[in-house]
Amino acid sequence: MRGGGLWQLGQSVTRRMAQSNKKTITRRCFASEADLKKTALYDFHVANGGKMVPFAGWSMPIQYKDSIMDSTLNCRENGSLFDVAHMCGLSLKGKDCIPFLEKLVVADVAGLAPGTGSLTVFTNEKGGAIDDSVITKVTDEHIYLVVNAGCRDKDLAHIEEHMKAFTSKGGDVSWHIHDERSLLALQGPLAAPVLQHLTKEDLSKIYFSDFRVLDINGSLCYLTRTGYTGEDGFEISVPSENAVDLAKAILDKSEGKVRLTGLGARDSLRLEAGLCLYGNDMEQHITPVEAGLTWAIGKRRRAEGGFLGAEVILKQIAEGPSIRRVGLFSAGPPARGHSEIQDDKGQNIGEVTSGGFSPCLKKNIAMGYVKSGNHKAGTKVKIVIRGKSYDGSVTKMPFVPTKYYKPT
């Protein structure tokens with residue numbers, strides 16, 4: 001399922017739950033539930049009113065008892081707890097794990113300090129994005145990374161293929177896929193004060209993109225200060241047998257202010273933060289430069305290359321890309337993926353990749369790609385929705401200011 005449909009699906013579920021018999025809705029909408037994978041928190045979601053939907057082969061909560069609008073606002077005002085255990089965490093180990101990974105991603109992995117990380121992009125031979133990922137340099141011989149659920153199979157196949165070639169030439173690298181662990185994302189202003197109740201580690205000394213292995217609620221966890229909402233927060237890799245207890249402890253320590261939150265609000269939060277969703281805003285034919293992620297390509301990598309598609313990407317950095325990802329405001333109904341973007345003369349200049357109504361701004365927001373030259377903030381455009389043209393304008397992102405915890 002594309003993320004652009006999550007908001008619409010959530011609204012549809014909400015309406016039908018309000019209008020119809022709940023058991024009937026459950027039978028109709030979730031008949032394929034038995035075929036889907038379930039996270040360690042599945043029963044916990046159901047017991048807490050989670051509306052479960054298929055997502056990337058998993059049964060995941062789209063929302064709970066409150067609306068997507070309310071969940072989005074509560075995350076920004078208080079906090080949200082997301083089950084993101086459908087995503088795939090893995091470790092690369094060995095004395096050559098860094099040079100190996102640098103053949104596949106654009107980040108300057110070697111330049112990261114131990115215990116820090118970065119967003120990066122796996123690229124193909126044409127410079128297109130295979131997936132985006134948050135990678136962490138645990139040590140010089142251990143890299144921890146998380147890839148998207150919908151890209152898991154192709155990502156692992158891609159990594160394995162290149163690893164076999166690398167090790168056949170004497171390279172020292174191995175991997176472990178952390179299927180024994182679950183991943184929780186705690187996001188919002190209360191994330192740090194609530195989590196601090198559950199660990200002895202001083203969280204005020206852990207900054208955005210920092211990584212630690214530490215005890216949380218009695219379990220050995222991998223903690224990364226990151227997230228997908230634009231808020232301060234953490235992603236917590238916890239042994240699956242301890243995941244429910246940790247979720248309960250977080251909710252209990254927040255005294256009801258941090259709420260379980262589903263994929264619907266997660267989509268609106270990341271859109272407000274101007275963050276890409278792979279499969280919508282990035283795909284195999286879109287380069288990191290076109291996607292506005294040139295900042296993720298380390299200076300050394302720009303000078304040396306050495307990653308798949310480097311020739312294409314470095315040329316785009318030097319000469320500029322032909323298309324660019326932009327933020328958009330628009331009138332009328334919210335723009336959706338594939339809505340046409342036109343200039344003020346009615347000429348096609350691009351298309352929307354994600355869009356929806358912003359609960360925080362109380363207006364329509366979207367992102368998409370336009371031809372270079374039409375990408376500057378303030379540029380007037382038309383957005384075609386169901387055959388009708390509506391006024392819009394290009395704007396900078398993020399739409400809602402980010403609140404990442406960084407050193408002052």
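**Strands, cores and salt bridges in a predicted model**

Strand β4 and strand β8 (residues 174-177) run antiparallel and are joined by four bridges. This arrangement belongs to a predicted model. Within the pairing, Lys-93 has Ser-174 of β8 as its bridge partner. Strand β4, which spans residues 88-93, also pairs with strand β7 (residues 142-147), again in the antiparallel sense, over six bridges. There, Leu-92 stands opposite Ile-143 of β7. Strand β4 is mostly covered, as five of its six residues are buried.

Attention may now turn to the nonpolar cores. The largest of them has 28 residues, and the members that touch the most others are Leu-81, Leu-195, Ile-216, Leu-223, Ile-236 and Ile-250. Several elements give two or more residues to this core, including the strands β9 (181-187), β10 (211-216), β11 (219-224) and β12 (233-239), together with α7 (191-196) and α8 (243-253). Helix α8 provides the largest share, six residues. A second core of 23 residues is separate from this one, and Leu-101, Ile-143, Leu-156 and Met-163 are among its members. Ile-143, which faces Leu-92 across the strand pairing, is thus also named in the second core.

In the largest core, Ile-236 offers a detailed example. Leaving aside residues up to four places away in sequence, Ile-236 touches, among others, Leu-184, Leu-195, Ile-216, Leu-223, Leu-246 and Ile-250.

Charged side chains add a further set of links, with 15 salt bridges counted in the model. In one of these, Glu-231 pairs with Arg-76, and the closest N and O atoms are 3.1 Å apart. Because Glu-231 lies in the loop between β11 and β12 while Arg-76 belongs to helix α4 (residues 68-77), the pair ties together parts that are 155 residues apart in sequence. Both residues, Glu-231 and Arg-76, are buried.

Glu-231 also meets Lys-403 in a salt bridge, at 3.9 Å from N to O. This pair links distant parts of the chain, 172 residues apart, since Lys-403 lies in the segment after β19 (388-395). With a relative accessibility of 2%, Glu-231 counts as buried, whereas Lys-403, at 43%, counts as partly exposed. Through shared partners, salt bridges join Arg-76, Glu-231, Glu-272 and Lys-403 into one network.

A further salt bridge connects Asp-96 and Lys-95, with 3.4 Å between the closest N and O atoms. Asp-96 is buried, at a relative accessible area of 16%, while Lys-95 is exposed, at 53%.

Key. Residues are numbered from 1 along each chain as its sequence is written. This is a predicted model: local features need pLDDT of at least 70, side-chain atom pairs count only at pLDDT 80 or more; totals for chains, interfaces and linings use all residues. Side-chain values use heavy atoms; hydrogens and water are left out. A nonpolar core is a set of buried Ala, Val, Leu, Ile, Met, Phe, Trp, Tyr and Cys residues joined through side-chain atoms within 4.5 Å. Buried means under 20% relative accessible area, exposed over 50%, partly exposed in between (1.4 Å probe, protein chains only). Contact means heavy atoms within 4.5 Å. Two strands pair if DSSP finds at least two bridges between them. A salt bridge is a side-chain nitrogen of Lys or Arg within 4 Å of a carboxyl oxygen of Asp or Glu.
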